[in-house]
Amino acid sequence: VLPYGFLQLTFDNKSSKPVRLSQQLDKAVTTNYKPVANHQYNIEYEKKKKEDGKRARADKQQVLDMLFSAFEKHQYYNIKDLVDITKQPVIYLKEILREIGIYNVKGTHKNTWELKPEYRHYQGEEKSD
């Protein structure tokens, strides 16, 4: 067992030494990156956005057909997916969805749209009375 005075002396010596040391470089650092005004992926995104242009409102019946065919594949969709499918403005799409769909606020299918019960099985067999 070492005496306390010796331990304290070694501890003081260690703590007095700087943790980080500066060192002199022989040559200049040349790996600096130059700032770029606009990155390539931003340019590509802007170009794609310009090609798509603004979303124009299509005929309501055409949009309904696209929505019904989409809801035949899946029961629940979020608004972003429906915008991608129909290529319609969000506001116009929500107007139509309020007529034919139910917006789920809670549950496992939170923030998704589904068809109202009377519109389900759109292309299936019609009920005969």
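Okay, let's start with the charges: this structure holds three salt bridges. Before I go through them, please keep in mind that we're looking at a predicted model. As a reminder of the background, side chains of opposite charge can pair when their charged atoms come close.

Take glutamate 95 to begin with. Its salt-bridge partner is arginine 57, and the closest N and O atoms there are 3.9 Å apart. If you trace the chain, you'll see that this pair links distant parts: glutamate 95 sits in helix H5, residues 90–100, while arginine 57 is in the loop between H2 and helix H3, and 38 residues separate them. As for the surface, glutamate 95 is partly exposed, at a relative accessible area of 35%.

Next up, lysine 60 and glutamate 99. Their closest N and O atoms are 2.7 Å apart. Here lysine 60 belongs to helix H3 and glutamate 99 to helix H5, so this salt bridge ties together parts that are 39 residues apart in sequence. Both ends are partly exposed: lysine 60 has a relative accessible area of 34%, and glutamate 99 has 39%.

That leaves glutamate 114 and arginine 120, whose side chains meet at 2.9 Å, N to O. So is glutamate 114 buried or exposed? It's buried, with a relative accessible area of 10%. Arginine 120, on the other hand, counts as partly exposed at 31%. You'll find arginine 120 in the segment after S2. And if you want a feel for distances, pick arginine 120 and threonine 31: they're 89 residues apart in sequence and 62 Å apart in space, C-alpha to C-alpha.

Glutamate 114 takes us straight to strand S2, which runs over residues 112–115. In a regular strand the side chains alternate between the two faces of the sheet. What covers the picture for S2, then? Thr112 and Glu114 point to one side, Trp113 and Leu115 to the other, and all of them are buried, so both faces of the strand are covered. What does S2 pair with? With strand S1, residues 101–104, in the antiparallel sense and over four bridges. One of the partnerships to look for is glycine 101, which has leucine 115 as its bridge partner in S2.

Now for the inside. The largest nonpolar core has 16 residues, and the ones with the most contacts inside it are Leu67, Phe71, Leu82, Leu93 and Leu97. Which elements supply at least two residues each? H3, helix H4 (79–86), H5 and S2 do. Helix H3 gives the largest share of this core, six residues. So S2 turns up again here, and H3 and H5 are the two helices we just saw joined through lysine 60 and glutamate 99.

Last stop, the largest pocket. About 250 Å³ of space lies in it. Its lining is made by Tyr45, Lys48, Lys49, Asp52, Gly53, Lys54, Arg55, Asp84 and Lys87. Where does the largest share of that lining come from? From helix H2, residues 40–52, with four residues. And by class, the lining has seven charged residues, one polar and one nonpolar.

So, to wrap up: three salt bridges, a strand S2 that's covered on both faces, a 16-residue largest nonpolar core, and a largest pocket with seven charged residues in its lining. Thanks, everyone!

Technical notes
Residues numbered from 1 in each chain as written. Predicted model: local features only at pLDDT ≥ 70, side-chain atom pairs only at ≥ 80, totals over all residues. Heavy atoms only, no water. Buried < 20%, exposed > 50% of the residue type's maximum accessible area, 1.4 Å probe, protein only. Pairing = 2+ DSSP bridges. 1 Å grid on protein atoms, 1.4 Å probe; cavity = no way out; pocket = protein on both sides within 12 Å on 5 of 7 lines; lining within 4 Å. Points joined across faces, edges and corners; volume = space filled by probe spheres on them. Nonpolar A, V, L, I, M, F, W, Y, C, P; charged D, E, K, R; others polar. Salt bridge = Lys/Arg side-chain N within 4 Å of Asp/Glu carboxyl O. Core = buried A, V, L, I, M, F, W, Y, C linked by side-chain atoms within 4.5 Å.
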